[in-house]
Amino acid sequence: MRILHVLDHSLPLHSGYAFRTRAIVKAQLAMGWEVACLTGPRHAGEGPDPALIDGITFYRTPRPEPAPAPLGEWREIRALSDRLDRLVEDWRPDQLHAHSPVLTALGALPVAKRRGLPLVYEIRAFWEDAAVGNGTGREGSARYRLTRLIETYAARRADAVAVICEGLRQDLIRRGIDAGKIIISPNGVDMELFGSPPAADAAFAKSLGLADAETVGFIGSFYDYEGLDDLIAAMPALVEKRPKAQLLLVGGGPMEEQLKAQAEASSVKDRIRFVGRVPHDEVERYYALIDILAYPRKAMRLTELVTPLKPLEAMAQRKLVAASNVGGHRELIEDEVTGTLFPAGDPAALAEALANLFERRGEWDRRRDTARRFVEQERNWSSNISRYAPVYQRLTGKAL
């Protein structure tokens with residue numbers, strides 16, 4: 001079985017998207033399948049074509065001449081389609097597997113039809129909702145409605161559709177997509193990367209001013225929908241209840257300067273630390289310093305429909321998880337069993353939930369063990385990958 005994945009971007013860039021792709025491909029290679037990847041023209045990393053990274057072969061699509069929307073997007077789709085057609089001629093895949101955003105599916109659909117190849121379209125988030133989430137779009141606008149129509153068009157014409165959670169599946173069914181062609185391939189954790197959490201480094205903690213602290217943390221991208229402003233707003237109430245409380249924010253993104261200004265104006269600004277982006281191979285050092293990982297996502301279509309990856313990584317690291325009760329979190333976290341859920345958009349409730357967790361330290365080991373076991377048994381990529389196999393076999397007619 002030869003599988004060609006078509007992607008927006010990939011390693012060596014670091015993102016949840018890139019790491020999910022890595023996990024999928026590494027697991028498929030471990031099953032003895034032949035696998036390669038093609039990135040579209042939006043991949044911003046420099047390097048050779050093809051590039052061998054972490055044992056995975058990545059082919060690249062040259063960038064077309066830039067142009068205003070929608071001409072620019074049309075050129076990107078055309079460039080990806082042309083590169084994919086040439087690669088199919090040379091590499092001879094049995095199966096095409098395109099991953100959102102929908103531009104990759106639009107580039108792959110004509111090649112799949114022309115070459116007689118089956119196409120799986122994997123949706124990790126709807127492009128129209130992702131644009132709202134990152135601040136480049138507005139729900140209900142003409143562009144939003146058009147993008148939604150294009151997303152539905154691609155899902156209808158793909159031979160099968162994979163989604164990462166039940167929320168996306170139900171939304172597609174409401175759009176009229178045949179439920180029988182949709183599979184769920186949920187977010188999982190690569191236990192090779194996150195399965196052996198290190199002990200906290202006391203000297204490192206001291207260097208960050210976290211010695212003897214009760215540390216709440218967030219590790220990820222600073223988008224508005226992540227609700228980090230609510231987390232900062234919760235800190236005065238938390239410190240009042242737990243005088244040793246500290247907040248550690250690791251990462252960066254569009255909201256970084258605004259969040260830093262908010263923290264500077266806080267009455268507990270000395271308890272809030274930004275460390276910026278860190279190399280991926282150092283992330284575990286920061287996880288080790290944090291007692292509770294907080295995910296205060298705001299309530300909106302994106303967060304209600306889509307499950308994030310970070311809480312699963314935290315569970316694999318045997319960290320306590322506190323998250324807002326949006327739909328994406330409710331699919332991952334069982335309240336008071338694998339994590340704690342609190343009302344979205346409510347800093348006071350967030351502070352109360354965190355303080356309550358610190359009060360119940362005697363329950364931590366049980367909850368850590370339960371959450372870790374959930375990830376190992378239900379959200380480990382070595383088992384998640386089996387969900388693709390019957391789809392590939394049905395579409396290609398080949399034994400795996």
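Guide: A salt bridge here is a side-chain nitrogen of Lys or Arg within 4 Å of a carboxyl oxygen of Asp or Glu. Keep that cut-off in mind as we walk through this predicted model, beginning at Asp 8, in the loop between strand E1 (2–7) and helix H1 (16–30).

Visitor: How do you know whether Asp 8 has a salt bridge?

Guide: The nearest side chain of opposite charge is Arg 42, at 5.0 Å. The cut-off is 4 Å, so Asp 8 has no salt bridge, although Asp 8 is buried.

Visitor: What makes the pairing of Asp 8 and His 9 a polar contact?

Guide: Their side chains are joined at 2.8 Å. The limit is 3.5 Å, and residues adjacent in sequence count only if both atoms are side-chain atoms, so this pair qualifies. Farther along the sequence, Asp 8 also touches other residues, including Tyr 17, His 43 and Ser 100.

Visitor: Which cavity does Asp 8 help to line, and why is that space called a cavity?

Guide: Asp 8 is among the residues lining the second largest cavity, as are Arg 42, Glu 76 and Leu 103. Helix H2 (71–91) and helix H3 (102–115) each give two or more residues to that lining. The space is about 70 Å³. It is called a cavity because a 1.4 Å probe fits there but cannot get out.

Visitor: What makes Asp 54 partly exposed?

Guide: Its relative accessibility is 38%. Buried means under 20% and exposed over 50%, so Asp 54 falls in between. Asp 54 sits in the loop between E3 and E4.

Visitor: What makes the backbone of Asp 54 worth a second look?

Guide: Its phi is near 55°, a positive value in a residue other than glycine. Most residues other than glycine have a negative phi. Arg 92 also has a positive phi, near 60°, and lies in the loop between H2 and strand E5 (95–99).

Visitor: How do you know which residues Arg 92 contacts beyond its sequence neighbours?

Guide: Contact means heavy atoms within 4.5 Å. Leaving aside neighbours within four places in sequence, Arg 92 is in contact with Arg 2 and Leu 87.

Visitor: Why is the bond between Asp 49 and Pro 50 called cis?

Guide: Omega is about 0° there. The bond joining Ala 69 and Pro 70 is also cis, again with omega about 0°. Most peptide bonds are trans. Pro 50 lies in the loop between strand E2 (34–39) and strand E3 (51–53), and Pro 70 in the loop between strand E4 (56–60) and H2.

Key
Residues numbered from 1 in each chain as written. Predicted model: local features only at pLDDT ≥ 70, side-chain atom pairs only at ≥ 80, totals over all residues. Heavy atoms only, no water. Helix = DSSP H or I, 4+ residues; strand = E, 2+ residues; numbered from the N terminus. Buried < 20%, exposed > 50% of the residue type's maximum accessible area, 1.4 Å probe, protein only. Lys, Arg positive; Asp, Glu negative; His and termini not counted. Polar contact = N/O pair within 3.5 Å; in protein donor to acceptor, adjacent residues only side chain to side chain. 1 Å grid on protein atoms, 1.4 Å probe; cavity = no way out; pocket = protein on both sides within 12 Å on 5 of 7 lines; lining within 4 Å. Points joined across faces, edges and corners; volume = space filled by probe spheres on them.
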